[in-house]
Amino acid sequence: MTLEKARQLLGTQVSFGGGYNRNGARLIIADVIREHGQAAADQLIREMRLDELFGFRPGEAP
């Protein structure tokens, strides 16, 4: 998955919110970590405010 595709998918998860969407976002971030590394995932967490919305923390795998 490209980082741009991850941004699109995370944008959808953020727009809906809720518990199920948190799990979807967690899976997307896990895929980003696997393909692009923790630094790329941390950048997406900050950029998409996933720390505020879903409680994800940069530096940790969700």
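# Notebook: helix packing in a predicted model

I started at the end of α1, where Gly 17, just after the helix, takes a positive phi of about 65 degrees. For the record, this is a predicted model.

**Entry 1: α1**

I looked up the length of α1. The helix has 14 residues, and from its first C-alpha to its last it reaches 20 Å, close to the 20 Å expected at 1.5 Å a residue.

Next I asked which residues of α1 are buried. I noted Ala 6, Leu 10 and Gln 13. Their arc around the axis is only 55 degrees, which puts them on the same side of α1. I set beside this the general rule that an α-helix has 3.6 residues a turn, so residues three or four places apart point the same way. The face turned away from the buried side carries Ser 15 and Phe 16, both exposed. I then checked what the buried residues of α1 pack against, and found α2, α3 and α4.

**Entry 2: Gln 13**

I took Gln 13 separately. This residue lies in helix α1. Is Gln 13 buried or exposed? Its relative accessible area is 16%, and since the cut-off for buried is under 20%, Gln 13 counts as buried. I left aside neighbours within four places in sequence and listed its contacts: Asn 21, Gly 24, Ala 25, Ile 28 and Phe 54.

**Entry 3: α2**

I ran the length check on α2 as well. Its 18 residues should span 26 Å at 1.5 Å a residue, and the end C-alpha atoms are 25 Å apart, which agrees.

I listed the buried residues of α2 as Asn 21, Gly 24, Ala 25, Ile 28, Ile 29, Asp 31 and Val 32. They lie on the same side of α2, because they cover an arc of only 155 degrees around the axis. On the other side I found Gly 19, Tyr 20, Leu 27 and Arg 34 exposed. The cover over the buried residues of α2 includes α1, α3 and α4. After α2 comes Gly 37, with a positive phi near 100 degrees.

**Entry 4: α1 against α2**

Two packed helices are described by the angle between their axes and the distance between the axes. I looked up both values for α1 and α2: the angle is about 165 degrees and the axes are 9 Å apart. That makes α1 roughly antiparallel to α2. The crossing of α1 past α2 is left-handed.

I then wrote down the residues that meet. From α1 these are Leu 3, Ala 6, Leu 9, Leu 10, Gln 13 and Phe 16; from α2 they are Asn 21, Gly 24, Ala 25, Ile 28, Ile 29, Val 32 and His 36. Phe 16 is thus listed in this contact, although I had noted Phe 16 as exposed.

**Entry 5: α1 against α3**

I looked up the second pair. α1 and α3 pack at about 35 degrees, with 11 Å between their axes. The crossing here is right-handed. Leu 3, Ala 6, Arg 7 and Leu 10 of α1 make the contact with Ala 40, Leu 44 and Glu 47 of α3.

**Entry 6: α3**

Which residues of α3, residues 38-47, are buried? I found Ala 40, Ala 41, Asp 42, Leu 44 and Ile 45. Of these, Ala 40 and Leu 44 also appear in the contact with α1. Among the elements covering the buried residues of α3 are α1 (3-16), α2 (19-36) and α4 (50-54).

I looked at Asp 42 on its own. Asp 42 sits in helix α3 and is buried, with a relative accessible area of 11%. Not counting residues up to four places away in sequence, Asp 42 touches Pro 58 and Gly 59. I also took its separation from Gly 11: 31 residues in sequence, and 16 Å in space from C-alpha to C-alpha.

**Entry 7: Arg 49**

My last check was the loop between α3 and α4, where Arg 49 lies. What is the phi of Arg 49? Phi is near 60 degrees, a positive value in a residue other than glycine. I noted for context that most residues other than glycine have a negative phi. How far is Arg 49 exposed? Its relative accessibility is 43%, so Arg 49 counts as partly exposed.

Note on methods
Residues are numbered from 1 along each chain as its sequence is written. This is a predicted model: local features need pLDDT of at least 70, side-chain atom pairs count only at pLDDT 80 or more; totals for chains, interfaces and linings use all residues. Side-chain values use heavy atoms; hydrogens and water are left out. Buried means under 20% relative accessible area, exposed over 50%, partly exposed in between (1.4 Å probe, protein chains only). Helices (H or I, at least four residues) and strands (E, at least two) are DSSP runs, numbered from the N terminus. Contact means heavy atoms within 4.5 Å. The expected span of a helix is 1.5 Å times one less than its number of residues. The arc is that of the directions from the helix axis to the C-beta atoms. Axes are lines fitted to C-alpha atoms, for helices over the stretch in contact, and angles run from 0 to 180 degrees between N-to-C directions. Angles under 35 degrees count as roughly parallel, over 145 as roughly antiparallel, 65 to 115 as roughly perpendicular and the rest as oblique. A crossing is left-handed if the near helix is turned anticlockwise from the far one by less than a right angle, and right-handed if clockwise.
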